[in-house]
Amino acid sequence: MGVSVSASTAIIVAGLFFAFTAFYPVAANGFDRVTDAQQGIQERSLERQNTDFAVTNATYDGTTLTVNATNDGSVGLVASDATLVVGNEYVDVGGPNATTTVDGDGDTELWLGGETLTVTVNETDLSTDVVANETRVVLVVESGVRDAAEVSA
């Protein structure tokens, strides 16, 4: 065995070393991303489990639709991030077509446990005939939890 075998072995070992130094950061970043994604899934699942609210009533007085919902969960929710569906029509609660108040206070967006959210929508902002028989409203919060109620006069 001459110098060529030793030199070849050294070149192969050096090549493996450089290949490993290029592969390791890629593998470590991929592992970190998978771990972060799994933690995010677990956090969202825990948030859904701790989110509980009920649409207590939905009334229509001829010009205004009023929806009341009580937060029965342990998670504080953001009122403007909720979505209201009225008779298959999307109403952005945080948008200009709806007015939200939490326990009568129009200055806060935070809807904590035990508090009541009131969403008011004028008839002119809806294309759906709210007075139609069996119109339903569905309130959906940011975690995907929803509750529904029939509109009463």
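**A guided look at one open sheet**

Visitor: In the hairpin of β1 and β2, which residue takes a positive phi?

Guide: That's G62, with a phi near 110°. The hairpin of β1 and β2 has three residues between the strands. Keep in mind that this is a predicted model.

Visitor: What makes β1 and β2 a pair, and which way do they run?

Guide: A pair needs at least two bridges, and seven join β1 to β2, so they count as paired. The two strands run antiparallel. As an example, V55 stands opposite A69 in β2.

Visitor: How do you know that β1 and β10 pair, with how many bridges?

Guide: Here the count is two, and the cut-off is at least two, so the pair qualifies. β1 covers residues 53–60 and β10 covers residues 146–152, and this time the strands run parallel. T59 has its bridge partner in β10, namely S152.

Visitor: Why is the pairing of the sheet called mixed?

Guide: Strands of a sheet can pair either parallel or antiparallel, through backbone hydrogen bonds. You've just met both kinds: β1 runs parallel to β10 and antiparallel to β2. The sheet has eight strands and is open, in the order β5-β4-β9-β10-β1-β2-β8-β6.

Visitor: Why do β5 and β6 stand at the edges?

Guide: β5 (89–92) and β6 (98–102) each have a single partner strand, so one side of each is left without a neighbour in the sheet. From one strand to the next, the twist averages 20°.

Visitor: How many bridges join β4 to β9, and how many join β9 to β10?

Guide: Four bridges join β4 to β9, and five join β9 to β10. The β4 and β9 strands run antiparallel, and β9 runs antiparallel to β10 too. V86 has V137 of β9 as its bridge partner, while R136 is matched with E150 in β10. β9 and β10 also form a hairpin, with five residues between them, and G144 in its turn has a positive phi of about 95°.

Visitor: Which residues have the most contacts inside the largest nonpolar core?

Guide: Those are L84, W111, V137 and L139, in a core of 28 residues. Several strands chip in at least two residues each, including β2 (64–71), β4 (83–86), β8 (116–122) and β9 (136–140). The largest share, four residues, comes from β1. As for V137, its contacts beyond four places in sequence include A58, L65, L84, A149 and V151.

Visitor: Why is N68 called buried?

Guide: Buried means under 20% relative accessible area, and N68 has 17%, so it makes the cut. You'll find N68 in strand β2. Leaving out residues up to four places away in sequence, N68 touches A54, V55, T56, N57, T116, L117 and T118.

Visitor: What makes the link between N68 and N57 a polar contact?

Guide: The N68 and N57 side chains are joined at 2.9 Å, and the limit is within 3.5 Å, so the distance fits. N68 has another such link, with the side chain of T118, at 2.8 Å.

Visitor: How do you know that T118 counts as buried?

Guide: Its relative accessibility is 19% and the cut-off is under 20%, so T118 counts as buried. T118 lies in strand β8. Among the residues that T118 touches are T66, V67, T99, T100 and T101.

Visitor: Is S74 buried or exposed, and why?

Guide: Exposed! S74 is at 61%, and exposed means over 50%, so that label follows. S74 is found in the loop between β2 and β3 (77–78). The C-alpha atoms of S74 and Q49 are separated by 9.4 Å, though these residues are 25 apart along the chain.

Visitor: What is the mean pLDDT of the chain?

Guide: It is 86, and 93% of the residues reach 70 or more. Among the elements, β1 has the highest mean, 92, and β5 the lowest, 82. Where pLDDT is low, you shouldn't read the predicted coordinates in detail.

Terms used
Residues numbered from 1 in each chain as written. Predicted model: local features only at pLDDT ≥ 70, side-chain atom pairs only at ≥ 80, totals over all residues. Heavy atoms only, no water. Axes fitted to C-alpha atoms, helices over the stretch in contact; angles between N-to-C directions. Core = buried A, V, L, I, M, F, W, Y, C linked by side-chain atoms within 4.5 Å. Buried < 20%, exposed > 50% of the residue type's maximum accessible area, 1.4 Å probe, protein only. Contact = heavy atoms within 4.5 Å. pLDDT = per-residue confidence, 0-100. Polar contact = N/O pair within 3.5 Å; in protein donor to acceptor, adjacent residues only side chain to side chain.
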